[in-house]
Amino acid sequence: MPINVPDGLPAKAILQQERIFALEEEVAQHQEIRPLKVVILNLMPTKVETETQILRLISKSPLQVSCDFMRVSTHEATHVSHDHLVKFYDTFDAFRDKNYDGLIITGAPVEQLAYEDVDYWDEFCEIVDWSQEHVFSTLFLCWGALGALWHLYEIPKRMLGSKLFGVFKQRLCDEYSFLTNGFDEVHYMPHSRHAAIDTGALAAHPELCVLSEGFTSGPALLATRDFHEIYVTGHFEYGRDTLADEFWRDFHRGLPIRVPENYFPDDDPEQQPLFTWRAHANLLYRNWLNWVYQMTPYDMDQIPAAIHELRVRSHGHVDKF
(Lines give C-alpha, C1' and ligand atoms only; values in the text may rest on other atoms or scores of the structure.)
Protein backbone atom coordinates (compact mmCIF):
# COMPACT_ATOMS: atom_id res chain seq x y z
CA MET A 1 0.00 0.00 0.00
CA PRO A 2 1.38 3.45 -0.83
CA ILE A 3 2.23 6.39 1.35
CA ASN A 4 0.48 9.71 0.88
CA VAL A 5 2.87 12.66 0.97
CA PRO A 6 2.46 16.23 -0.30
CA ASP A 7 2.72 16.72 -4.04
CA GLY A 8 6.05 18.30 -4.98
CA LEU A 9 8.01 16.93 -2.01
CA PRO A 10 11.52 16.12 -3.37
CA ALA A 11 11.53 12.78 -1.55
CA LYS A 12 8.45 11.75 -3.54
CA ALA A 13 10.26 11.92 -6.87
CA ILE A 14 13.21 9.96 -5.44
CA LEU A 15 10.94 7.23 -4.10
CA GLN A 16 9.08 6.98 -7.41
CA GLN A 17 12.41 6.44 -9.17
CA GLU A 18 12.95 3.53 -6.76
CA ARG A 19 9.57 2.10 -7.87
CA ILE A 20 8.01 2.88 -4.50
CA PHE A 21 4.39 3.83 -5.02
CA ALA A 22 3.37 7.21 -3.58
CA LEU A 23 -0.26 8.22 -4.01
CA GLU A 24 -1.28 11.51 -5.53
CA GLU A 25 -3.21 13.53 -2.94
CA GLU A 26 -6.40 13.67 -5.03
CA VAL A 27 -6.45 9.87 -5.47
CA ALA A 28 -5.84 9.25 -1.77
CA GLN A 29 -8.78 11.43 -0.81
CA HIS A 30 -11.17 9.17 -2.73
CA GLN A 31 -10.05 5.89 -1.15
CA GLU A 32 -12.65 4.64 1.32
CA ILE A 33 -10.26 3.80 4.14
CA ARG A 34 -8.70 5.91 6.84
CA PRO A 35 -4.95 6.14 6.37
CA LEU A 36 -2.73 6.18 9.40
CA LYS A 37 -1.75 9.75 10.24
CA VAL A 38 1.94 10.13 11.10
CA VAL A 39 3.79 13.36 11.81
CA ILE A 40 7.57 13.59 11.50
CA LEU A 41 9.49 16.08 13.65
CA ASN A 42 12.63 16.45 11.58
CA LEU A 43 15.48 17.85 13.67
CA MET A 44 18.23 16.86 11.25
CA PRO A 45 19.96 19.63 9.29
CA THR A 46 19.80 17.50 6.13
CA LYS A 47 16.00 17.74 5.87
CA VAL A 48 15.45 16.26 2.39
CA GLU A 49 17.81 13.31 2.94
CA THR A 50 16.18 12.45 6.28
CA GLU A 51 12.67 12.81 4.83
CA THR A 52 13.56 10.37 2.08
CA GLN A 53 15.14 7.83 4.44
CA ILE A 54 12.16 7.73 6.79
CA LEU A 55 9.52 7.76 4.05
CA ARG A 56 11.35 4.90 2.34
CA LEU A 57 10.87 2.75 5.45
CA ILE A 58 7.27 3.82 6.02
CA SER A 59 6.46 2.97 2.41
CA LYS A 60 7.31 -0.71 2.92
CA SER A 61 4.21 -1.20 5.07
CA PRO A 62 1.09 -2.66 3.39
CA LEU A 63 -0.92 0.17 5.00
CA GLN A 64 -1.73 3.58 3.59
CA VAL A 65 0.06 6.23 5.66
CA SER A 66 -0.41 9.98 5.42
CA CYS A 67 2.61 12.00 6.56
CA ASP A 68 2.91 15.56 7.85
CA PHE A 69 6.14 17.35 8.70
CA MET A 70 6.90 19.40 11.80
CA ARG A 71 9.82 21.67 12.56
CA VAL A 72 10.87 23.60 15.62
CA SER A 73 10.38 27.35 15.56
CA THR A 74 13.24 28.10 17.97
CA HIS A 75 16.01 27.03 15.60
CA GLU A 76 16.82 28.35 12.15
CA ALA A 77 17.62 25.59 9.64
CA THR A 78 20.61 26.42 7.45
CA HIS A 79 20.96 23.32 5.24
CA VAL A 80 17.62 23.55 3.45
CA SER A 81 15.86 26.29 1.54
CA HIS A 82 13.35 28.51 3.31
CA ASP A 83 10.86 27.76 0.53
CA HIS A 84 11.07 24.02 1.29
CA LEU A 85 10.31 24.61 4.96
CA VAL A 86 7.43 26.97 4.22
CA LYS A 87 5.88 24.62 1.67
CA PHE A 88 6.16 21.30 3.50
CA TYR A 89 6.71 22.02 7.21
CA ASP A 90 4.60 23.53 9.97
CA THR A 91 5.72 24.61 13.42
CA PHE A 92 4.32 23.02 16.56
CA ASP A 93 1.59 25.66 16.90
CA ALA A 94 -0.18 24.11 13.90
CA PHE A 95 -0.32 20.70 15.64
CA ARG A 96 -1.28 21.55 19.23
CA ASP A 97 -4.96 20.68 18.86
CA LYS A 98 -4.51 17.68 16.54
CA ASN A 99 -4.25 13.97 17.27
CA TYR A 100 -2.01 11.51 15.41
CA ASP A 101 -1.62 7.77 15.19
CA GLY A 102 2.15 8.04 15.11
CA LEU A 103 4.98 10.51 15.62
CA ILE A 104 8.62 10.12 14.60
CA ILE A 105 11.19 12.40 16.24
CA THR A 106 14.55 12.24 14.51
CA GLY A 107 18.01 12.58 15.92
CA ALA A 108 20.08 15.76 15.78
CA PRO A 109 23.85 16.42 15.80
CA VAL A 110 23.76 18.04 19.25
CA GLU A 111 24.50 15.17 21.65
CA GLN A 112 27.75 16.81 22.79
CA LEU A 113 25.76 19.75 24.17
CA ALA A 114 24.03 19.72 27.53
CA TYR A 115 20.31 19.34 26.91
CA GLU A 116 19.55 22.77 28.33
CA ASP A 117 22.10 24.33 25.94
CA VAL A 118 20.24 23.11 22.83
CA ASP A 119 18.39 26.17 21.57
CA TYR A 120 15.16 24.27 20.96
CA TRP A 121 15.25 22.13 24.14
CA ASP A 122 12.20 23.74 25.76
CA GLU A 123 10.20 23.36 22.56
CA PHE A 124 11.35 19.76 22.21
CA CYS A 125 10.09 19.01 25.73
CA GLU A 126 6.78 20.70 24.96
CA ILE A 127 6.34 18.53 21.88
CA VAL A 128 7.21 15.37 23.83
CA ASP A 129 4.65 16.33 26.48
CA TRP A 130 2.04 16.96 23.78
CA SER A 131 2.71 13.52 22.31
CA GLN A 132 1.87 11.86 25.62
CA GLU A 133 -1.80 12.75 25.20
CA HIS A 134 -2.20 13.35 21.46
CA VAL A 135 -0.14 10.61 19.74
CA PHE A 136 -0.93 6.92 20.02
CA SER A 137 2.70 5.82 19.58
CA THR A 138 5.94 7.78 19.21
CA LEU A 139 9.21 6.59 17.68
CA PHE A 140 12.24 8.45 19.09
CA LEU A 141 15.48 8.18 17.10
CA CYS A 142 19.08 8.63 18.35
CA TRP A 143 19.36 12.05 20.07
CA GLY A 144 15.56 12.25 20.07
CA ALA A 145 15.60 9.03 22.11
CA LEU A 146 18.27 10.27 24.52
CA GLY A 147 16.51 13.59 25.00
CA ALA A 148 13.08 12.03 25.61
CA LEU A 149 14.50 9.52 28.10
CA TRP A 150 16.01 12.38 30.06
CA HIS A 151 12.88 14.54 29.91
CA LEU A 152 10.38 11.78 30.74
CA TYR A 153 12.41 9.54 33.05
CA GLU A 154 15.48 11.57 34.09
CA ILE A 155 17.75 8.92 32.56
CA PRO A 156 20.95 10.85 31.80
CA LYS A 157 23.16 10.39 28.81
CA ARG A 158 26.72 9.21 29.26
CA MET A 159 29.39 10.85 27.11
CA LEU A 160 31.61 8.36 25.29
CA GLY A 161 35.38 8.54 25.22
CA SER A 162 35.29 8.43 21.43
CA LYS A 163 32.53 8.58 18.85
CA LEU A 164 30.52 5.39 18.35
CA PHE A 165 30.73 5.20 14.57
CA GLY A 166 29.91 2.24 12.40
CA VAL A 167 27.53 -0.72 12.12
CA PHE A 168 27.24 -2.83 15.24
CA LYS A 169 25.75 -6.21 16.14
CA GLN A 170 22.68 -6.14 18.38
CA ARG A 171 21.35 -9.23 20.10
CA LEU A 172 17.62 -9.80 20.41
CA CYS A 173 16.45 -9.65 24.05
CA ASP A 174 12.75 -10.43 23.55
CA GLU A 175 11.88 -12.70 20.64
CA TYR A 176 8.16 -12.54 21.51
CA SER A 177 7.75 -8.77 21.32
CA PHE A 178 5.37 -7.68 18.56
CA LEU A 179 7.78 -4.89 17.66
CA THR A 180 10.67 -7.27 16.93
CA ASN A 181 8.53 -10.08 15.52
CA GLY A 182 10.55 -11.81 12.79
CA PHE A 183 13.93 -10.42 13.91
CA ASP A 184 16.94 -12.70 13.80
CA GLU A 185 18.74 -13.36 17.08
CA VAL A 186 21.43 -10.94 15.90
CA HIS A 187 20.77 -7.88 13.79
CA TYR A 188 22.87 -4.89 12.73
CA MET A 189 22.29 -1.19 13.31
CA PRO A 190 24.27 1.90 12.26
CA HIS A 191 25.37 4.23 15.05
CA SER A 192 26.93 7.67 14.84
CA ARG A 193 26.93 9.36 18.22
CA HIS A 194 29.08 10.72 21.03
CA ALA A 195 26.74 9.76 23.88
CA ALA A 196 24.91 6.71 25.20
CA ILE A 197 22.14 5.84 27.65
CA ASP A 198 23.19 5.55 31.28
CA THR A 199 22.32 1.87 31.71
CA GLY A 200 22.49 2.08 35.51
CA ALA A 201 19.72 4.68 35.53
CA LEU A 202 17.81 2.73 32.88
CA ALA A 203 17.77 -0.36 35.12
CA ALA A 204 15.73 1.60 37.68
CA HIS A 205 12.84 1.82 35.19
CA PRO A 206 11.30 -1.64 34.67
CA GLU A 207 8.52 -0.03 32.66
CA LEU A 208 11.10 0.38 29.87
CA CYS A 209 11.89 -2.93 28.14
CA VAL A 210 15.16 -3.45 26.27
CA LEU A 211 14.23 -5.33 23.09
CA SER A 212 17.72 -5.52 21.61
CA GLU A 213 21.16 -4.37 22.68
CA GLY A 214 24.64 -4.17 21.28
CA PHE A 215 27.59 -6.15 22.52
CA THR A 216 29.60 -2.93 22.57
CA SER A 217 27.04 -0.25 21.61
CA GLY A 218 24.55 -0.72 24.46
CA PRO A 219 20.73 -0.75 24.29
CA ALA A 220 19.51 -0.40 20.71
CA LEU A 221 15.72 -0.80 20.88
CA LEU A 222 13.66 0.05 23.96
CA ALA A 223 9.94 0.46 24.48
CA THR A 224 7.33 0.96 27.12
CA ARG A 225 5.28 -2.17 27.64
CA ASP A 226 2.35 -0.66 25.74
CA PHE A 227 4.53 0.60 22.82
CA HIS A 228 3.30 4.14 23.42
CA GLU A 229 6.98 5.13 23.41
CA ILE A 230 9.66 3.40 21.34
CA TYR A 231 13.32 4.38 21.50
CA VAL A 232 15.91 3.60 18.80
CA THR A 233 19.42 4.66 19.81
CA GLY A 234 20.92 4.15 16.35
CA HIS A 235 19.98 4.97 12.78
CA PHE A 236 17.98 2.17 11.17
CA GLU A 237 16.80 4.79 8.67
CA TYR A 238 20.29 5.36 7.25
CA GLY A 239 20.90 4.44 3.63
CA ARG A 240 23.82 2.38 2.41
CA ASP A 241 26.10 5.40 1.94
CA THR A 242 25.11 7.68 4.83
CA LEU A 243 28.03 6.70 7.08
CA ALA A 244 30.40 6.86 4.10
CA ASP A 245 29.23 10.39 3.29
CA GLU A 246 29.78 11.39 6.92
CA PHE A 247 33.26 9.83 6.92
CA TRP A 248 34.38 11.54 3.70
CA ARG A 249 32.83 14.87 4.74
CA ASP A 250 34.91 14.99 7.93
CA PHE A 251 37.97 13.50 6.22
CA HIS A 252 38.03 16.24 3.57
CA ARG A 253 37.53 18.89 6.24
CA GLY A 254 40.62 17.61 8.04
CA LEU A 255 38.61 16.66 11.12
CA PRO A 256 39.58 13.68 13.29
CA ILE A 257 37.50 10.75 12.03
CA ARG A 258 37.97 6.98 12.08
CA VAL A 259 36.82 4.58 9.40
CA PRO A 260 33.34 3.37 10.46
CA GLU A 261 33.54 -0.03 12.17
CA ASN A 262 32.12 -3.13 10.46
CA TYR A 263 31.02 -1.11 7.43
CA PHE A 264 33.45 -1.03 4.51
CA PRO A 265 34.71 -4.40 3.20
CA ASP A 266 38.22 -4.92 4.63
CA ASP A 267 37.82 -1.46 6.28
CA ASP A 268 38.66 0.04 2.91
CA PRO A 269 36.68 3.30 2.42
CA GLU A 270 37.23 3.08 -1.34
CA GLN A 271 34.95 0.01 -1.47
CA GLN A 272 31.16 0.05 -1.51
CA PRO A 273 29.73 -0.43 2.00
CA LEU A 274 27.71 -3.51 2.86
CA PHE A 275 24.00 -2.80 3.51
CA THR A 276 23.55 -5.24 6.41
CA TRP A 277 20.65 -3.58 8.32
CA ARG A 278 18.04 -2.89 5.60
CA ALA A 279 15.80 -5.94 6.20
CA HIS A 280 15.52 -5.38 9.96
CA ALA A 281 14.95 -1.65 9.48
CA ASN A 282 12.03 -2.39 7.15
CA LEU A 283 10.71 -4.99 9.57
CA LEU A 284 10.79 -2.66 12.58
CA TYR A 285 8.81 0.07 10.81
CA ARG A 286 6.38 -2.44 9.33
CA ASN A 287 5.77 -4.02 12.75
CA TRP A 288 5.31 -0.62 14.36
CA LEU A 289 2.80 0.60 11.79
CA ASN A 290 0.97 -2.74 11.90
CA TRP A 291 0.64 -2.54 15.68
CA VAL A 292 -0.54 1.07 15.56
CA TYR A 293 -3.08 0.20 12.86
CA GLN A 294 -4.50 -2.63 14.95
CA MET A 295 -4.70 -0.63 18.17
CA THR A 296 -5.49 2.99 17.27
CA PRO A 297 -9.16 4.07 17.11
CA TYR A 298 -10.85 4.83 13.79
CA ASP A 299 -12.13 8.14 15.17
CA MET A 300 -9.00 10.21 15.73
CA ASP A 301 -10.83 12.34 18.30
CA GLN A 302 -10.77 9.23 20.48
CA ILE A 303 -6.97 8.90 20.49
CA PRO A 304 -6.46 10.61 23.91
CA ALA A 305 -9.04 8.26 25.46
CA ALA A 306 -7.41 5.28 23.74
CA ILE A 307 -4.02 6.25 25.17
CA HIS A 308 -5.57 6.43 28.63
CA GLU A 309 -7.14 3.00 28.17
CA LEU A 310 -3.84 1.59 26.94
CA ARG A 311 -2.10 2.81 30.08
CA VAL A 312 -4.74 1.30 32.34
CA ARG A 313 -4.61 -2.05 30.54
CA SER A 314 -0.81 -2.20 30.48
CA HIS A 315 -0.04 -0.85 33.92
CA GLY A 316 -3.18 -1.19 35.98
CA HIS A 317 -3.27 2.53 36.80
CA VAL A 318 -3.36 5.88 35.06
CA ASP A 319 -0.19 7.45 36.43
CA LYS A 320 2.70 8.20 34.08
CA PHE A 321 4.63 4.96 33.67
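**Notebook: Lys163, its strand and the cores**

I looked up Lys163 and found a relative accessibility of 17%, so I entered this residue as buried, the cut-off being under 20%. I note that the model is a predicted one.

**Entry on the annotated site.** I then turned to the UniProt record. Its unreviewed entry carries a "binding site" annotation that covers Lys163, Ser192 and Arg249. I checked these against the largest pocket, and its lining includes Lys163, Ser192 and Arg249.

I placed Lys163 in strand E8, which runs over residues 157–172. Which residues does Lys163 contact, once neighbours within four places in sequence are left aside? I listed Ser192, Arg193, His194, Glu246 and Arg258. Ser192 thus appears both in the annotation and among the contacts of Lys163.

Arg249 I located in helix H8, residues 242–252. Is Arg249 buried or partly exposed? I recorded Arg249 as partly exposed, because its relative accessible area is 39% and that class lies between 20% and 50%.

**Entry on the strand pair.** I examined how E8 and E9 are arranged. The two strands pair in the antiparallel sense, and I noted eleven bridges. As one example, I traced Arg158 to its bridge partner in E9, Ala196. For E9 itself, nine of the twelve residues are buried, so I described this strand as largely enclosed by the rest of the structure.

**Entry on the loop after E8.** I found Asp174 in the loop between E8 and strand E9, the latter spanning 186–197. Its relative accessibility is 29%, and I therefore entered Asp174 as partly exposed. Apart from neighbours within four places in sequence, Asp174 contacts Thr180 and Leu211. I also noted that a polar atom of the Asp174 side chain lies 3.0 Å from the backbone nitrogen of Tyr176. Asp174 and Ser212 are 38 residues apart along the chain, yet I read a separation of 7.3 Å for their C-alpha atoms.

**Entry on the nonpolar cores.** How many residues does the largest nonpolar core have? I recorded 53, with Ile58 and Ile104 having the most contacts inside it. I then asked which helix gives the most to this core, and found H9, residues 278–295, with seven residues. A second, separate core has 37 residues; I listed Met70, Val72, Ala108 and Ala145 among them. As background, I noted that nonpolar side chains tend to be buried together in soluble globular proteins.

Notes. Residues are numbered from 1 along each chain as its sequence is written. This is a predicted model: local features need pLDDT of at least 70, side-chain atom pairs count only at pLDDT 80 or more; totals for chains, interfaces and linings use all residues. Side-chain values use heavy atoms; hydrogens and water are left out. UniProt positions are given in the numbering used here, feature names are shortened, and annotations may be inferred rather than shown by experiment. On a 1 Å grid over the protein atoms alone, a cavity is a set of points where a 1.4 Å probe fits but cannot get out, and a pocket is an open set with protein on both sides within 12 Å along at least five of seven lines; lining residues have an atom within 4 Å of a point. Helices (H or I, at least four residues) and strands (E, at least two) are DSSP runs, numbered from the N terminus. Buried means under 20% relative accessible area, exposed over 50%, partly exposed in between (1.4 Å probe, protein chains only). Contact means heavy atoms within 4.5 Å. A polar contact is a pair of N or O atoms within 3.5 Å; within protein, one must be able to donate a hydrogen and the other to accept it, and residues adjacent in sequence count only if both atoms are side-chain atoms. Two strands pair if DSSP finds at least two bridges between them. A nonpolar core is a set of buried Ala, Val, Leu, Ile, Met, Phe, Trp, Tyr and Cys residues joined through side-chain atoms within 4.5 Å.
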